[in-house]
Amino acid sequence: MNYERNILITGGAGFIGSHVVKLFVRKYPQYRIINLDKLTYAGNLTNLADIENSQNYVFEKADICDHAKVCEIFEKYSIDGLIHLAAESHVDRSIKDPLSFAQTNVIGTLSLLQAAKEKWLEKEGKERKGEYMFYHISTDEVYGSLSTSSGYFTEDTKYDPHSPYSASKASSDHFVRAFHDTYGLPTIISNCSNNYGPYQFPEKLIPLFINNIRIGKHLPVYGKGENVRDWLFVEDHARAIDLIFHKGKVGETYNIGGFNEWRNIDLVKLLVRTVDRLLGKPEGHSENLITFGKDRAGHDLRYAIDSTKLKRELGWTPSLRFEEGIEKTVRWYLENQTWLDSVTSGEYEKYYQKMYKETSAKI
Ligand code: NAD
Ligand code: DAU
């Protein structure tokens, strides 16, 4: 079959990537979607069970840092668009092991940029440039921290990363811009706020705490729980990615966020109320699980994204109110306890270890 486009999605077995892959495979049967993922502890092919047999979907287990392999995949599928999500994504892990973040997030991104440059600009010729797109998915954490209760990150906010994770993402953003400015590679970057929703690895705040409330384990709030995050439902992020990939302007940056700020402690109490209610427990039953402990090193106080540009230029707005999104999310985790159990026990890795996996999860 001749496909209209051949789109490489990296990190498609992870949390956000799996939502993006599913959206594209279903919405665009005329495109071939190639999911390139190393299947680290965060990659889980069961996230894609619904679409794994679709005709227009292909999985390639590979490391983005393996430049020769990436070039081979570009050739094999005549890749003409790339949505780059593969990354080490957890701040706490970056504090323990910064080198692996530099390797995957910086060197891995550079390896993809170099492959796109070689294939699209050097081999195919610059005249076809308009047909290609290198879309890099980044984070609001590159902007650093807002220290008061006012102000927002805009596309013009100066980069000021504080954790090894955000420093590695900031560095990858700079390389993407450098390839646009130096070689004319058609690139776009988007920087999104905190995502939540189904299939998020339960080391991140929301799924970790839903799971802990479910099994009666303590809820370790860092510091006093006063840090503020701006939460967006993952399917709204996937819709924004679809829109930007198709309608965004080459060389531009778009901020994505829901104007939805929550103090961690208020969010944790909302989670406690929601999980308790859905499990039929009396209100406040699990509040005693909340503990306040050591703060995260370099903990950014507040993130808040101004996504006005995306609304004004491309018409994107979030579809869900937060309370609805949280209700939907908690229900999903409670209805998919086998997914949660298999991920927290490492069982999901054994499932296809023989075929693919090398690394293992430690929560
Ligand atoms: P995730 O950790 O759930 O998934 C990452 C995926 O990348 C996994 O499938 C993993 O196997 C794969 N991967 C890791 N290293 C790889 C390598 N070397 N080669 C190939 N594949 C590799 O991450 P996520 O939360 O879905 O985030 C996806 C992207 O979105 C990241 O770039 C992250 O920085 C960005 N982002 C995340 C959020 C958020 O709230 N989660 C917000 C804004 C931006
Ligand atoms: O802002 C976008 C970023 O959001 C993404 O780029 C990252 O990939 C993603 O992991 C997320 O980073 P955060 O560090 O904000 O997410 P996390 O879920 O780890 O933590 C959210 C907040 O909750 C943060 O202030 C730290 C706090 N926290 C987290 C955990 C895991 C706790 O208080 N206790 C915890 O156990």
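The legends below describe close-up views of a predicted model with two ligands.

**View 1. The seven-stranded parallel sheet.** Seven strands, taken in the order β3-β2-β1-β4-β5-β6-β10, make up an open sheet in which the pairing is parallel. The edges are held by β3 (57–61) and β10 (253–256), and because each of these has a single partner strand, one side of each is left without a neighbour in the sheet. From one strand to the next, the twist averages 20 degrees. At the β3 edge, five bridges join β3 to strand β2 (residues 31–37) in the parallel sense, and D37 has K61 of β3 as its bridge partner.

**View 2. Helices that pack on the parallel sheet.** Helix α1 (residues 15–27) packs on the sheet, where it touches β1 (5–10), β2, β3 and β4 (81–84), and its direction makes about 160 degrees with that of β2. Helix α4 (residues 98–123) lies across β1, β4 and β5 (133–139), and runs at about 165 degrees to β5. Strands β1 and β4 thus appear in the contacts of α1 and also in those of α4.

**View 3. The surroundings of ligand 1.** Ligand 1 is surrounded by 29 residues, of which I16, D37, S89, Y165 and K169 are the closest. Several backbone atoms approach its oxygen atoms: a backbone N or O atom of G14 lies 2.9 Å from an oxygen atom of the ligand, a polar backbone atom of F15 is 3.0 Å from an oxygen atom of ligand 1, and for a backbone N or O atom of L85 the distance to a ligand oxygen atom is likewise 3.0 Å. On its own, ligand 1 has 840 Å² of accessible area, and the protein covers 96% of it. At least two residues of the shell are supplied by each of α1, β5, α5 (164–183) and β7 (194–196), with the largest share, three residues, coming from β5. Sorted by class, this shell holds 13 nonpolar, 11 polar and five charged residues.

**View 4. The surroundings of ligand 2.** Around ligand 2 there are 24 residues, and those that come nearest are T139, D140, Y165, R296 and H299; Y165 is also listed among the closest residues of ligand 1. A polar backbone atom of S89 is 2.7 Å from an oxygen atom of ligand 2, while side chains provide two further polar approaches to ligand oxygen atoms, with a polar atom of the T139 side chain at 2.7 Å and an N or O atom in the side chain of R296 at 2.6 Å. Taken alone, ligand 2 exposes 690 Å², of which the protein buries 94%. Two or more residues of its shell come from each of α6 (205–215) and β8 (219–222). By class, the shell is made up of 10 nonpolar, eight polar and six charged residues.

**View 5. The three-stranded mixed sheet.** A second open sheet contains three strands in the order β7-β9-β11, and its pairing is mixed. Its edge strands are β7 and β11 (261–263), each with a single partner strand, so one side of each is left without a neighbour in the sheet. Here the twist averages 50 degrees from one strand to the next. Strand β9 (residues 228–233) and β11 run antiparallel and are joined by three bridges, with V228 standing opposite R263 in β11. Helix α7 (residues 234–247) lies across β7 and β9 and runs at about 70 degrees to β9.

Key:
Residues are numbered from 1 along each chain as its sequence is written. Chains are lettered from A and ligands numbered from 1 in the order in which they are written. This is a predicted model: local features need pLDDT of at least 70, side-chain atom pairs count only at pLDDT 80 or more; totals for chains, interfaces and linings use all residues. Side-chain values use heavy atoms; hydrogens and water are left out. Two strands pair if DSSP finds at least two bridges between them. Helices (H or I, at least four residues) and strands (E, at least two) are DSSP runs, numbered from the N terminus. Axes are lines fitted to C-alpha atoms, for helices over the stretch in contact, and angles run from 0 to 180 degrees between N-to-C directions. Contact means heavy atoms within 4.5 Å. A residue is near a molecule or strand if one of its heavy atoms lies within 4 Å of it. A polar contact is a pair of N or O atoms within 3.5 Å; within protein, one must be able to donate a hydrogen and the other to accept it, and residues adjacent in sequence count only if both atoms are side-chain atoms. Accessible areas come from the Shrake-Rupley method with a 1.4 Å probe; for residues, only the protein chains shown count as cover. Ala, Val, Leu, Ile, Met, Phe, Trp, Tyr, Cys and Pro count as nonpolar, Asp, Glu, Lys and Arg as charged, and the others, Gly among them, as polar.
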